[in-house]
Structure formats: structure tokens, C-alpha cells
Amino acid sequence: MEKKNLNEVTFEDIVINDICGLFIDERIDKKTLPAGTFAYEIRGCNGEFEVLEKSVLVDFNGTIITMEKIEMTEGDYAKIEDYSFGDGEITFEAWKKSMSK
């Protein structure tokens, strides 16, 4: 599967475990992440998000981009306790500007 350039795709706003981020149902090329930006992949089943990992091989459900480091509290993953989507699509640059206000 082709990894996408962070600056060439549109995301959905998401809050996951009380952390604001961006969601896309594709893989992001981590080489395109600027300093201070983090990418985590979501593992899930039947459309439900279950855990965040640095890299998911099986049951990949998407990628989130955050400006906060997420601790892998369960060894090599973090459980997703709750999440909610925002109201629309946004580019990384527009989101980054809105987060710095």
C-alpha cells in the first residue's frame, strides 16, 4: 500500500483519548512529518478503533497525526478509550495554524 505525503492529503479532525489530532484512513509517509509532529496507526476490528501503535500490519484502520507524543501504556500500544470526529475535512497546514492560536 502506498504511503501518502502529509502535505498532499486531507484529514478529518479527531479527538482520541483527549488528544486533538487528524485522522485519515490511509498510511502516512513518516518521512514527511515535520519536527514536533507524531503519527500513530490505528488497529481495529469491525469499524471500531481499539488501539494505537507506531506501526500496524494487520487490521489497519487508519493513521492519526498529533502534536503530542502518546505513551504506549500497554507495552507497544495504547488502548483507545474514547474518540470523536469533528465537523469536516482539513489540511495539515490549516490544522497546524488553528492549533497554534
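**Notebook: Thr63 and its surroundings**

I started with Thr63, which is buried, with a relative accessible area of 1%. I count the residue as buried because its 1% falls under the 20% cut-off. The model is predicted, so everything below is read from computed coordinates.

**Entry: Thr63.** I looked up where the residue sits, and found Thr63 in strand 5. Next I checked its side chain for a polar partner. A polar atom of the Thr63 side chain lies 2.7 Å from the backbone oxygen of Glu26. Then I listed its contacts, leaving out residues up to four places away in sequence. Thr63 touches Leu22, Phe23, Ile24, Glu26, Arg27 and Ile28. Thr63 also touches Ala39, Tyr40 and Glu41.

**Entry: confidence.** I checked how far to trust this region. The chain averages a pLDDT of 94, and 98% of the residues score at least 70. Strand 5 (residues 60–66) has the highest confidence in the chain, at a mean of 97. Helix 1 (residues 92–99) has the lowest, at 92.

**Entry: the sheet.** I traced the strand order. Seven strands form an open sheet, ordered 6-4-3-5-2-1-7, with antiparallel pairing. In that order strand 5 stands between strand 3 and strand 2. Strand 6 (77–79) and strand 7 (83–91) are the edge strands, each pairing on one side only. From one strand to the next the twist averages 35°.

I then looked at one pair. Strand 3 and strand 4 run antiparallel and are joined by five bridges. Arg43 stands opposite Val51 of strand 4.

**Entry: the helix.** I asked what helix 1 packs on. Helix 1 lies across strand 1, strand 2, strand 5 and strand 7. It runs at about 115° to strand 7.

**Entry: the cores.** Which residues have the most contacts inside the largest nonpolar core? I found Ile42, Leu52, Ile64 and Ile70, in a core of 13 residues. Strand 1 (10–16), strand 2 (19–24), strand 3 (38–45) and strand 4 (48–53) each give two or more residues to this core. Apart from it lies another core, of twelve residues, including Ile24, Ile65, Phe92 and Trp95. Ile24 had already come up as a contact of Thr63. Nonpolar side chains tend to be buried together in soluble globular proteins.

**Entry: Leu52.** I followed one residue of the largest core. Beyond its neighbours within four places in sequence, Leu52 is in contact with Ile16, Tyr40, Glu41, Ile42, Ile64 and Ile70. Leu52 also contacts Met72, Asp76, Tyr77, Ala78 and Ile80. Tyr40 and Glu41 are in contact with Leu52 and with Thr63.

Notes:
Residues numbered from 1 in each chain as written. Predicted model: local features only at pLDDT ≥ 70, side-chain atom pairs only at ≥ 80, totals over all residues. Heavy atoms only, no water. Core = buried A, V, L, I, M, F, W, Y, C linked by side-chain atoms within 4.5 Å. Buried < 20%, exposed > 50% of the residue type's maximum accessible area, 1.4 Å probe, protein only. Helix = DSSP H or I, 4+ residues; strand = E, 2+ residues; numbered from the N terminus. Contact = heavy atoms within 4.5 Å. pLDDT = per-residue confidence, 0-100. Polar contact = N/O pair within 3.5 Å; in protein donor to acceptor, adjacent residues only side chain to side chain. Pairing = 2+ DSSP bridges. Axes fitted to C-alpha atoms, helices over the stretch in contact; angles between N-to-C directions.
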